[in-house]
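Let's walk through this one together, starting with charged pairs and ending with how the chains sit against each other. Have the viewer open as you read.

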Number of protein chains: 2
Amino acid sequence: MEKAPGSPSVRGSYPQKTAGILSSQYGINLFLAGLVLTFAWAVHAVGISKSHLLSYLITLMLVQLLWMLWYLCRSCTQRRLIREKDTHAGARWLKCGITLFAVITLILDSFKIGYYVDFSNCLSAAEGIFPVTHAIHTILQVYFLWCHAKDIIQSFKTLERFGVIHSVFTNLLLWTNGVLTESKHQLNEHKERLITLGFGNITIVLDDHAPQCNCTTTTLCSIFSQGIYYLYPFNIEYHILASTMLYVLWKNIGRKVEHHQQHKTPFKFHGITVGMIFGLIVLISTIAKVVVYLIQIGRSKNKSELALTMFYLHAISVLALMCTAGIVALLIYRLEDRSLDNSKNPARKLDAELLVGTAAGSWLLSWGSILAIICAQAHPKYTWYNLPYSILVIVEKYIQNLFIIESIHRKEEKVNDDIKTLRIVTISRGSTLSLTPSYKEIYNGRAAGDEGELPYLLNGSICARENDGAKEEASQANCPAMHSASELSFYSRNSVANHKRRILKNIAVFLFLCNLSLWIPPAFGCRPEYDNGLEEIVFGFEPWIIVVNLAMPFSIFYRMHSAASLFEVNCKT
Amino acid sequence: MEKAPGSPSVRGSYPQKTAGILSSQYGINLFLAGLVLTFAWAVHAVGISKSHLLSYLITLMLVQLLWMLWYLCRSCTQRRLIREKDTHAGARWLKCGITLFAVITLILDSFKIGYYVDFSNCLSAAEGIFPVTHAIHTILQVYFLWCHAKDIIQSFKTLERFGVIHSVFTNLLLWTNGVLTESKHQLNEHKERLITLGFGNITIVLDDHAPQCNCTTTTLCSIFSQGIYYLYPFNIEYHILASTMLYVLWKNIGRKVEHHQQHKTPFKFHGITVGMIFGLIVLISTIAKVVVYLIQIGRSKNKSELALTMFYLHAISVLALMCTAGIVALLIYRLEDRSLDNSKNPARKLDAELLVGTAAGSWLLSWGSILAIICAQAHPKYTWYNLPYSILVIVEKYIQNLFIIESIHRKEEKVNDDIKTLRIVTISRGSTLSLTPSYKEIYNGRAAGDEGELPYLLNGSICARENDGAKEEASQANCPAMHSASELSFYSRNSVANHKRRILKNIAVFLFLCNLSLWIPPAFGCRPEYDNGLEEIVFGFEPWIIVVNLAMPFSIFYRMHSAASLFEVNCKT
């Protein structure tokens, strides 16, 4: 039943490569059909209503549900079939993250059901069925990802391929749908602000604002309709995360893995206090900023300008700090002499591509802002802050991507490797006990280290290290005499390495918290790209809104994704 | 100086992976800045004129020119440095293709210079400098690609990386610029037709239609301004082709290649007559169709409808034929038992990704059309042809991609391999001469084959083949007795294989010519997506025009790219 890729395929069966293309083309068409439907709904195409789009999404989700049930049943009945696992895919913290987002998504679904019940007079049945199906879909999908995200499917490939790619693009479509609903809401809020500020003219029409009938229970209604929009950002992140995890599962189908063990590196709070404190300061100040911004913006021209100035100054200082931290980290890497691991790893490859790809979204916005500032005829004072802000956004992502991608490609530390190979040398020589005392003197004098194995191994390590070039028998006699000198140099080298590692860990934690912080403002409607007005004047309202609505989702996803990657970097360092 | 990837990097120097990210991020930002500028020009942003965009492009081209000169000089002075070559990259026919397009681009540049001279009173200097720079850029770039497209750069990597990626994105921006100019022109023509048909209302404004001053020499002016738009499609293809070749060069930097020799397989006209004839019929009928379409469309409502009906009926029959051919080819592959080559090969990987990626452009349009037909309130008769046409476009690309991707991944034919390994067996046994006569009887009776080596090897081959399962010593005696029977079966098997090969070659040639044919209509302004009016009514004029203008360039590029791939398939089969 199992078949290694590269071996001659069985007559009539599809070779690996072709099966991949077959299913991916199916998925792309599924996605494009949905995209056209979404687009048609967004531009109010003749004869297309929201219920058409929702029916399509419901169908897709039901198909995915059936497939997941089939897959779960089959893997239950065929437990004896030893499955290979990709140790890099579906990390535990990723699963925890997705579960958190899924729980909030379930709350969103229950809000939507409540909203439907309240307005059931004027809403189509699809709007009631959708949240119910979505809730079931969410629960089963999270369970599926917990159990099977690491699977490397080797048998019955065709149905699995189609099922997984179907799931990938279903989640992407749900993401698109979420993003669009969120964008429409933000645009409506922006238009309301413009009306308050006196810019209201005939062209401003609020879009899908409220249902056409009265609510049955007034208090709950406003809670539901307001609350939904605070929960959407989590729903959006949930779908894109699920989609990436499923994509890795799809890439892994039929793959042949080299079994190299991975060290479990749990997250530790020890030794990252500095990065933690600075990061938390940024996080708290950002939350405060968002609250003030949302209260002040659009109240009056003066208050809006103050809010924008505050936003830019805060963002500039945070981004400048992040740039500095990133540069320091890169410099530390340049001082070290360590090779990168270029082995095949779909999860890591996707991570790197997503970082650069989604950063492009916010780079586009930043270049737009820069061009607008250069070309604008009038420059109110607060718009000048936009220039350093936009430049810093570009530079910061550039540096951060370099740091993350280099970090996730670095091989495990050399010291560990030496220790492991030399443990065997030491043990085979039987000299472990006799040499330990001389080591202990040094060990007691140093700061508490992380390598618990070191005491038993260091001597052997140095001894063998000296032997590398010369013949072992000849140098055997000299080795003990060299101990004290070599141990000292090794110790100091190790201490420097530890020091560097601690700095890197602090930087990773700091950047992690900063990225989480920077995710909050755009996700919860604090978008100066709308509010500062400069770009809208230069490019025109409609064109700029289109650009922002297309690029912003990627920009927001970038922050969450880089936070996830930085968490991994912190665990690995 | 040379360093294998994966080995520990030299202290302070950038590791392979990071250098790649460093340069690609630079390139993406270069591109995005240009994209924003292009977008600003397209939406008539305040304070941005065409000369700003052209100045940016001129600067990029000059930087690329300097870099190419530096690279050419350095490789001249360091001839002794043995460079590795990627045998898969920059095939000869690809270079010939790009040279052809470059020559037409040079004619376009000379037309533009003439146009500038005629209208120099009201055009900015940038519009005169641009074609001159572009012509020099084109000549040097084609020379550069002829000499260095196969290079695998191993030394001084950083400057090369930045130079190559700069070139990639400069060409992509020039492509974007060409596409935009072409789209604006098509849209103007479409609007003019709408005005003729009586749909003209106030919102239809012609965009960048003609300069604001009079021409100095009236006859030449119209030739230049008309001629430019017939040459643009070639200019567009030139830039995207150059961009892909440079991208492969960039991917190859620092790569370590396994030296496996590639068989030179030149294009042969022998044995592809059937495919050739059918393909040429399609090509000629398509050209005739385009001429009739362009004459008839927009003259009157009746003539437009006739032109559209003719377009759809022709396209439907061609696409149906192509689908059938593709399915036959895939069935032949399923009957054969050959494994795919999954070794690393950036050129091939890019080819496959581009096929699927650019097909998505036309799939989007087709799904849009399908949705429009389903949702439209009124259905004039000719619009119904749009439905099978759109479905066939999707299905045909689906099948064709499967065929091309499987073809370019297939390993060289097994027969050759057997012959090669068994030549040694035969020679070592010294039985070549004694067994030859019995073979010759059969060889004389068969049709002229392609395998010139066969006469000397066939016997040994069969003999060893029979021995595969049993012990060699035991079967040694039986082998001669089996000759006549096994030779016959081998001969008939080989004849069947040859027959299949000929069918595949004919299909490849037919599809090649069909794809070339299908490139012509959209490239030269025969776009029913504009003219049938159905989608514009359902989605609205503006939204649908935006979708068409974004998706169409990819759809057009798909045809040229798949033609190129099919040419390669034909050579390989």
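Counting over all chains, there are 14 salt bridges in this structure, which is a predicted model. A handful of them are worth looking up in the viewer.

Start in chain A with Lys349(A) and Glu353(A), whose side chains form a salt bridge with an N to O distance of 3.2 Å. Both residues sit in helix 9 of chain A, and because they are four residues apart, about one helical turn separates them. How buried or exposed is Lys349(A)? Lys349(A) is partly exposed, at 42% relative accessible area. Its partner Glu353(A) also counts as partly exposed, with a relative accessibility of 45%.

Now hop over to chain B. Here the side chains of Arg74(B) and Glu160(B) meet in a salt bridge, at 2.4 Å from N to O. Arg74(B) belongs to helix 2 (residues 50–77) of chain B and Glu160(B) to helix 5 (residues 157–196), so this pair ties together parts that lie 86 residues apart in sequence. Arg74(B) and Glu160(B) are both buried.

Another chain B pair is Glu406(B) with Arg334(B), a salt bridge whose closest N and O atoms are 2.7 Å apart. Since Glu406(B) comes from helix 10 (residues 386–409) of chain B and Arg334(B) from helix 8 (residues 301–335), the pair ties together parts 72 residues apart in sequence. Glu406(B) is buried, with just 3% relative accessible area, and Arg334(B) is buried too, at 13%.

Back in chain A, you can also find a network of salt bridges linking Glu189(A), Arg193(A) and Asp531(A).

While you're in chain A, take in the overall fold. Its secondary structure comes to 19 helices and two strands, and 56% of its 573 residues count as buried. If you take the contacts in chain A between residues at least 6 apart in sequence, 86% of them join residues at least 24 apart.

For a close-up, try Ser407(A), which you'll find in helix 11 of chain A. Ser407(A) is buried, with a relative accessible area of 6%. Leaving out residues up to four places away in sequence, Ser407(A) touches Tyr333(A), Val569(A) and Lys572(A). With Tyr333(A) there is also a polar contact between the two side chains, at 2.7 Å.

Next, zoom out to where the chains meet. On the chain A side, 60 residues are in contact with 61 residues of chain B. The size of an interface is often given as the accessible area lost when the parts come together. Between chain A and chain B that buried area is about 5,500 Å², with carbon and sulfur atoms giving 68% of it. How many salt bridges cross between chain A and chain B? The count is zero. Polar contacts do turn up across this interface: the rule finds twelve residue pairs, with both partners at pLDDT 80 or more.

Several helices of chain A give two or more residues to the side touching chain B, including helix 8 (301–335), helix 9 (346–375) and helix 19 (541–572). Helix 1 of chain A gives the most, with 15 residues. Sorted by class, the side of chain A that touches chain B has 36 nonpolar, 15 polar and nine charged residues.

Finally, how do the copies relate? A rotation of 180° with 0.0 Å of shift along its axis puts chain A onto chain B, with an RMSD of 0.0 Å. That is the relation of a two-fold axis. The same surface serves both copies, as 100% of the contact residues of chain A recur in chain B.

How values were computed: Residues numbered from 1 in each chain as written. Chains lettered and ligands numbered in written order. Predicted model: local features only at pLDDT ≥ 70, side-chain atom pairs only at ≥ 80, totals over all residues. Heavy atoms only, no water. Contact = heavy atoms within 4.5 Å. Buried area = accessible area lost by both parts, 1.4 Å probe. Salt bridge = Lys/Arg side-chain N within 4 Å of Asp/Glu carboxyl O. Polar contact = N/O pair within 3.5 Å; in protein donor to acceptor, adjacent residues only side chain to side chain. Nonpolar A, V, L, I, M, F, W, Y, C, P; charged D, E, K, R; others polar. Buried < 20%, exposed > 50% of the residue type's maximum accessible area, 1.4 Å probe, protein only. Least-squares fit on C-alpha atoms with pLDDT ≥ 70 in both.
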